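New to this one? Here's a quick briefing to read with the structure open beside you.

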Amino acid sequence: MSSYTMTITLERAYDDAVQAVRDALGEQGFGILTEIDLRATLKNKLDVDIAPHVILGACRPALAHEAIQAEPSIAAVLPCNVVVRSVGESSTVVEAFDPDVMMGFADNDALHAVAHDAKKRITAAFTTLLGGSE
């Protein structure tokens, strides 16, 4: 795990992992606002090939609203980016920006509560993806 992301590795194919990530985030109240297909974008713009790699812009509207009420400038780091990238035929890495790291940007007690809730929900989604229970 890096110092700024929450990371898990799933022993499943990329396409299956992307759908499972969408489902697990949905169970935690997150919707996907944006989707950036890095593989297609880099091929189109730079004519380079990379493994399948997508950035999902996940948002739980209630948390986003709370965060913006506490610190309007926090909108610059919303939505929460969740990355899904293939590291083999049957292995996929899933990473999310750690909400605790966001606290380095703002010293605001109300924002700490939002970050704690977001991290709890992302952790629950990752636990589900790994086949555990919350």
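What follows is a short tour of the core, two helix pairs and a few single residues. Keep in mind that this is a predicted model. A good place to start is its largest nonpolar core, which has 33 residues. Helix 5 gives that core its largest share, eight residues, and helix 5 also packs against helix 3 and helix 1.

**The nonpolar core**

- Val21, Val84, Phe126 and Leu129 are the residues with the most contacts inside the largest core.
- Several elements chip in with at least two residues each: strand 1 (5-10), strand 3 (53-59), strand 4 (80-88) and strand 5 (91-97) among the strands, plus helix 1 (14-27), helix 3 and helix 5 among the helices.
- As background, nonpolar side chains in soluble globular proteins tend to be buried together.
- Leucine 129 is a handy residue to click on: leaving out residues up to four places away in sequence, leucine 129 touches Ile8, Leu10, Arg12, Ala20, Val21 and Ala24.

**Helix 3 against helix 5**

- Helix 3 covers residues 61-70, while helix 5 runs over residues 109-129.
- The axes of these two helices sit 8 Å apart, at an angle of about 160 degrees. Because angles over 145 degrees count as roughly antiparallel, helix 3 gets that label relative to helix 5.
- The crossing of helix 3 with helix 5 is left-handed.
- On the helix 3 side, look for Leu63, Glu66, Ala67 and Ala70; they meet Ala110, Leu111, Val114, Asp117, Ala118 and Arg121 of helix 5.
- Sort the residues of this contact by type and you get seven nonpolar, three charged and no polar.

**Helix 1 against helix 5**

- Here the angle is about 135 degrees and the axes are 9 Å apart, so helix 1 and helix 5 are oblique to each other.
- Helix 1 passes helix 5 in a right-handed crossing.
- Ala20, Val21, Ala24, Leu25 and Glu27 from helix 1 meet Ala125, Thr128 and Leu129 from helix 5.
- The contact of helix 1 with helix 5 is made up of six nonpolar residues, one polar and one charged.

**Two buried residues**

- Alanine 64 belongs to helix 3. Since buried means under 20% relative accessible area, alanine 64 qualifies with its 14%.
- Beyond its neighbours within four places in sequence, alanine 64 is in contact with Cys59 and Leu78.
- If you want a sense of spacing, methionine 103 is 39 residues from alanine 64 in sequence, and their C-alpha atoms are 15 Å apart.
- Serine 91 is in strand 5, and it counts as buried too, at 14% relative accessibility.
- With neighbours within four places in sequence set aside, the contacts of serine 91 are Thr9, Leu10, Glu11, Arg12 and Ser86.

**Backbone spots in the loops**

- Which way does the peptide bond from leucine 78 to proline 79 go, cis or trans? That bond is cis, with omega near -5 degrees.
- You'll find proline 79 in the loop between helix 3 and strand 4.
- Aspartate 47 has a positive phi, near 55 degrees, and is a residue other than glycine.
- Aspartate 47 sits in the loop between helix 2 (38-46) and strand 3, and it is exposed, with a relative accessible area of 57%.

Note on methods
Residues numbered from 1 in each chain as written. Predicted model: local features only at pLDDT ≥ 70, side-chain atom pairs only at ≥ 80, totals over all residues. Heavy atoms only, no water. Helix = DSSP H or I, 4+ residues; strand = E, 2+ residues; numbered from the N terminus. Buried < 20%, exposed > 50% of the residue type's maximum accessible area, 1.4 Å probe, protein only. Contact = heavy atoms within 4.5 Å. Axes fitted to C-alpha atoms, helices over the stretch in contact; angles between N-to-C directions. Parallel < 35°, antiparallel > 145°, perpendicular 65-115°, else oblique. Left-handed = near helix turned anticlockwise from the far one by under 90°. Nonpolar A, V, L, I, M, F, W, Y, C, P; charged D, E, K, R; others polar. Core = buried A, V, L, I, M, F, W, Y, C linked by side-chain atoms within 4.5 Å.
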